[in-house]
Amino acid sequence: MHYNISFPNLGIYLDHVGKSISIFGFSIAYYGMIIGAAILIGFLIATAEAKRTGQNPEDYLDMGIVGVIAGIAGARIYYVIFSWDLYKDNLLSIFNLREGGLAIYGGVIGAVIAVFVMAAVKKKSPFQILDTIALALLNGQMLGRWGNFFNREAFGSYTNSLFAMQIPTNFFVEHGRIDEIISNGLYDKATYVVSGNEAATFIQVHPTFLYESMWNLALLLLIIFFFTKRKKFDGELIAIYCIGYGIGRFLIEGLRMDSLMIGSTGIRVSQMLALILAVFGIGWIIYNRRKSRKNHR
C-alpha cells in the first residue's frame, strides 16, 4: 500500500501510483515526462497564437528553445536559493532534477528574462511576445502541477474536505521524507486504513497541486474564450494572467505545508510574489487604458 493514493470522500482509490517507468532498464520519471509534454504543447499553443495574430510562428520556435532553457534554469536556481540547506553539503545534487525541486516562479522569471533579451535581438515588442506565450505559460503550469502528484509534494495541511487526498506514511519513510510530515504535524493526524488483508497509516491533506492546476485551467479557458479577441493593447493578456494567477496562487499557497520562506521571517515567498504579480497586472491595465483615453481625446 506504500504507493496508493486515494481521494476517499470522492470514492477514488488509485493503486500503486509510481514515480517513474522503466524502459530498457532506464528509469524515466513521470515528473520529467509531464514537463516534456507541457513544453511540446506549449510550443504548439504559442505558434498557433502567433499565426492567429499575424506574426511569424517560426520566431516562437527559436525563442521557445531559449525560453525553455532559461525557464528550467530559473526554476532550479530559485528552488535551490530558497532551499539552500538541502544542497549546501552536496552541491552536485543541485543538478539532479529527477527528484523534483523546480519552482514555478523561478521558471517564469527565467522565461521572462529570456523574452526581453530575445525581443531586443529580434526587434519585437516584449509585451506582444508575452501576450503570445501567456496561454502556453498557463498550460505549462496547469500540467506541471501533476508532476507534484506523482512525487507526492506540494500538498497542504490536514483536511477532511470533499477533495481530501490520502498518501501512505510509509511512502515518506521509504523515500527519506518522514521528517517532512512529522515537522508539519501531519503524522500526528495520520489515519489508520484497513484494506483487505493490508493495513497502513495515511496522511490526509489538501491536494493543493490539484487546486492550482484547476485554477490555471479555468484562467486559461477564460483568457481563450473571452479576452484573446477583446485585447486592446500589447501586454493585456499577460496582465490578466498576472492578476488571475497571482490571486489564485496567493490563496492556495496559504494551505501548503512546504512553502519556501524568506529566511526565518515566516513570510511565504510565493505569496509575496503573487501579490506583486497581481498588483503589477492591475497597474499595467490601468496605465494603458488611461494612456489610450488620452490618445483618443
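**Close-up views of a predicted model**

**View 1. Helix α4 is mostly covered.** Of the 26 residues in α4, 19 are buried. This is a predicted model, and α4 is a good place to start looking around it. From its first C-alpha to its last, α4 reaches 35 Å, close to the 38 Å expected at 1.5 Å a residue. Where does α4 bend? Look at Ile 133, where the helix bends by about 45°. Just after the helix comes Arg 152, which has a positive phi, near 55°.

**View 2. Six helices each give two or more residues to the largest nonpolar core, and α8 gives the most.** This core holds 34 residues, and those touching the most other members are Tyr 78, Tyr 105, Ile 129, Leu 138, Ile 223, Tyr 241 and Tyr 245. The elements giving two or more residues to it are α2 (57-82), α3 (104-122), α4 (126-151), α7 (208-227), α8 (236-253) and α9 (269-295). Among these, α8 makes the biggest contribution, with seven residues. Apart from this core lies another, of 18 residues, including Val 17, Ile 34, Met 165 and Ile 203.

**View 3. Helix α8 is largely enclosed by the rest of the structure.** With 14 of its 18 residues buried, α8 has little of its length left uncovered, so it counts as largely enclosed. Its length fits too: the end C-alpha atoms are 25 Å apart, which agrees with the 26 Å that 18 residues should span at 1.5 Å a residue.

**View 4. Tyr 78 and the residues around it.** Which residues does Tyr 78 contact, leaving aside its neighbours within four places in sequence? They are Ala 103, Tyr 105, Gly 106, Ile 109, Leu 260, Val 269, Ser 270 and Leu 273. One of these, Tyr 105, is also listed with Tyr 78 among the core residues that touch the most other members.

**View 5. Asp 59 is a buried residue in helix α2.** Is Asp 59 buried or exposed? Its relative accessible area is 17%, so it is buried. Not counting residues up to four places away in sequence, Asp 59 touches two lysines, Lys 122 and Lys 124.

**View 6. Strands β3 and β4 form a hairpin.** The two strands, β3 (residues 20-23) and β4 (residues 26-29), run antiparallel and are joined by four bridges. To find your way along them, start from Ile 21, whose bridge partner in β4 is Ile 28. Two residues sit between the strands, and in this hairpin Phe 24 takes a positive phi near 55°.

**View 7. Phe 127 and Trp 284 are one of 16 aromatic pairs in the structure.** Their ring centres are 4.4 Å apart and their planes lie at 20°, so the pair is stacked. Phe 127 belongs to helix α4 and Trp 284 to helix α9, so this pair links parts of the chain 157 residues apart. Both Phe 127 and Trp 284 are buried.

**View 8. Phe 163 and Tyr 211 meet edge-to-face.** Here the ring centres are 6.4 Å apart and the planes are at 85°, which makes the pair edge-to-face. Phe 163 lies in the loop between α4 and β5 (165-168) and Tyr 211 in helix α7, so the pair ties together parts 48 residues apart in sequence. Phe 163 is partly exposed, with a relative accessible area of 37%, whereas Tyr 211 is buried at 19%.

**View 9. An aromatic cluster.** Tyr 30, Trp 146, Phe 149, Phe 150 and Phe 209 are linked into a cluster by ring pairs.

Key:
Residues are numbered from 1 along each chain as its sequence is written. This is a predicted model: local features need pLDDT of at least 70, side-chain atom pairs count only at pLDDT 80 or more; totals for chains, interfaces and linings use all residues. Side-chain values use heavy atoms; hydrogens and water are left out. A nonpolar core is a set of buried Ala, Val, Leu, Ile, Met, Phe, Trp, Tyr and Cys residues joined through side-chain atoms within 4.5 Å. Buried means under 20% relative accessible area, exposed over 50%, partly exposed in between (1.4 Å probe, protein chains only). Contact means heavy atoms within 4.5 Å. Two strands pair if DSSP finds at least two bridges between them. The expected span of a helix is 1.5 Å times one less than its number of residues. The bend at a residue is the angle between axes fitted to the seven residues ending there and the seven starting there. Rings of Phe, Tyr and Trp (its six-membered ring) pair if their centres lie within 6.5 Å; planes under 30 degrees apart count as stacked, over 60 as edge-to-face and the rest as tilted.
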